[in-house]
Amino acid sequence: MERKAEIKRETKETDITLCLNLEGGPAKLETGVGFLDHMLASFSIHSGFGLEVKAEGDLRVDSHHTVEDIGIVLGMAFKQALGDKLGIERFSSAYIPMDEALAFAAVDISGRAYLKFDAEFPQQAIGNFDACLAEEFFRAFAFNAGITLHIRSEYGSNSHHICEAIFKACARALKEAVRVTGSSVSSSKGVL
């Protein structure tokens with residue numbers, strides 16, 4: 001079964017081409033935002049998803065539009081790649097430590113878009129990445145993927161570590177949630 005999608009989205013603020021393969025593949029990332037490339041590389045490795053992103057954005061303004069729009073396109077690709085969702089595990093969660101930081105993520109591939117994001121970042125700047133953009137990225141992803149996603153930073157004192165633990169926790173939760181374990185839809189409604 002091939003579960004992959006390619007999405008191209010162009011606006012006045014960004015031009016993004018994204019390929020997602022839930023069965024694996026390389027991580028090739030050119031977003032123009034170094035820290036986001038690093039987070040997406042971790043996301044790809046720990047989810048086991050192949051992820052290729054080529055993005056051009058209005059970085060002369062700041063990285064907000066680029067980060068948020070990549071979340072939108074990743075969510076769209078995730079939804080498309082999952083197709084009818086037959087046999088997927090659907091629910092999963094993960095705790096991931098990174099040095100002094102610990103993050104938790106729980107996911108329900110439900111068709112209902114929701115994000116609960118509970119994390120504080122002691123340092124607002126992580127390279128050229130504004131830490132508050134992590135929440136914008138995951139909101140855009142969850143709402144366009146049609147999933148329920150809960151993210152919580154348990155603790156940490158380094159914003160880089162907190163953010164990376166969050167991306168890895170989401171990756172691990174999604175890896176399990178998309179795993180095919182049966183042949184029917186995991187819902188009493190018969191549809192997700």
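In the predicted model, Leu18 is in contact with Ala5, Glu6, Ile7, Leu51, Glu52, Val53, Ile70, Val73, Leu74 and Ala77, leaving aside neighbours within four places in sequence. Leu18 belongs to strand 2, which covers residues 14–21. The relative accessible area of Leu18 is 0%, and the residue is therefore classed as buried, the cut-off being under 20%. Phe138 lies 120 residues from Leu18 along the chain, and the C-alpha atoms of the two residues are 16 Å apart.

The chain as a whole contains 4 helices and 10 strands. Their order along the sequence is β-β-β-α-β-α-β-β-β-β-β-α-β-α. The radius of gyration is 16 Å, close to the 16 Å that the globule rule gives for 192 residues, so the chain is as compact as a globular protein of that length. The C-alpha trace spans about 45 × 35 × 25 Å along its principal axes. Of the 192 residues in the chain, 51% are buried. When contacts between residues at least 6 apart in sequence are considered, 76% of them join residues at least 24 apart.

A second buried position is Ile147, with a relative accessibility of 0%. Ile147 is placed in the loop between helix 3 and strand 10, the latter comprising residues 148–155. Not counting residues up to four places away in sequence, Ile147 touches Phe78, Val107, Asp108, Ile109, Arg112, Ala113, Tyr114, Phe141, Ala142 and Leu174. One of these contacts, Tyr114, is 33 residues from Ile147 along the chain, with a separation of 6.4 Å between the C-alpha atoms of the two.

Helix packing was examined for helix 1 (residues 34–47) and helix 4 (residues 159–177), whose axes are 8 Å apart and form an angle of about 35°. The crossing of these two helices is right-handed. Helix 1 contributes Phe35, Leu36, His38, Met39, Ser42, Phe43, His46 and Ser47 to the contact. From helix 4 the contact includes His160, Cys163, Glu164, Phe167, Lys168, Ala171, Arg172, Leu174 and Lys175. By class, 8 residues of this contact are nonpolar, 5 are polar and 4 are charged. Leu174 of helix 4, part of the contact with helix 1, is also among the residues touched by Ile147.

In the whole structure, 12 salt bridges are found. One of them pairs Lys54 with Glu30, with 3.2 Å between the closest N and O atoms. This pair links distant parts of the chain, since Lys54 is in strand 4 (residues 50–57) and Glu30 is in strand 3 (residues 27–30), 24 residues apart. Both partners are partly exposed, Lys54 with a relative accessible area of 42% and Glu30 with one of 46%.

A salt bridge within a helix is formed by Arg139 and Glu135, which both lie in helix 3 (residues 133–145). The two residues are 4 positions apart, about one turn of the helix, and their closest N and O atoms are 2.9 Å apart. Arg139 is partly exposed at a relative accessible area of 32%, and Glu135 is likewise partly exposed at 26%.

Arg152 and Glu154 form a further salt bridge, the closest N and O atoms being 2.5 Å apart. The relative accessibility of Arg152 is 31%, which counts as partly exposed, and Glu154 is partly exposed at 29%. Elsewhere, Arg90, Asp108 and Arg112 are joined into one network by salt bridges that share partners. Two members of this network, Asp108 and Arg112, are also among the contacts of Ile147.

Backbone geometry was considered at two positions. Most residues other than glycine have a negative phi. Arg90, which is not a glycine, has a positive phi of about 80°. Arg90 is located in the loop between helix 2 (64–82) and strand 5 (91–98), and at 9% relative accessibility this residue counts as buried. Asp99 is not a glycine either, and its phi is positive at about 55°. Asp99 occupies the loop between strand 5 and strand 6 (101–108). In terms of accessibility, Asp99 counts as exposed at 64%, whereas Arg90 counts as buried.

Definitions and conventions. Residues numbered from 1 in each chain as written. Predicted model: local features only at pLDDT ≥ 70, side-chain atom pairs only at ≥ 80, totals over all residues. Heavy atoms only, no water. Salt bridge = Lys/Arg side-chain N within 4 Å of Asp/Glu carboxyl O. Buried < 20%, exposed > 50% of the residue type's maximum accessible area, 1.4 Å probe, protein only. Axes fitted to C-alpha atoms, helices over the stretch in contact; angles between N-to-C directions. Left-handed = near helix turned anticlockwise from the far one by under 90°. Contact = heavy atoms within 4.5 Å. Nonpolar A, V, L, I, M, F, W, Y, C, P; charged D, E, K, R; others polar. Rg over C-alpha atoms; globule rule 2.2 N^0.38 Å.
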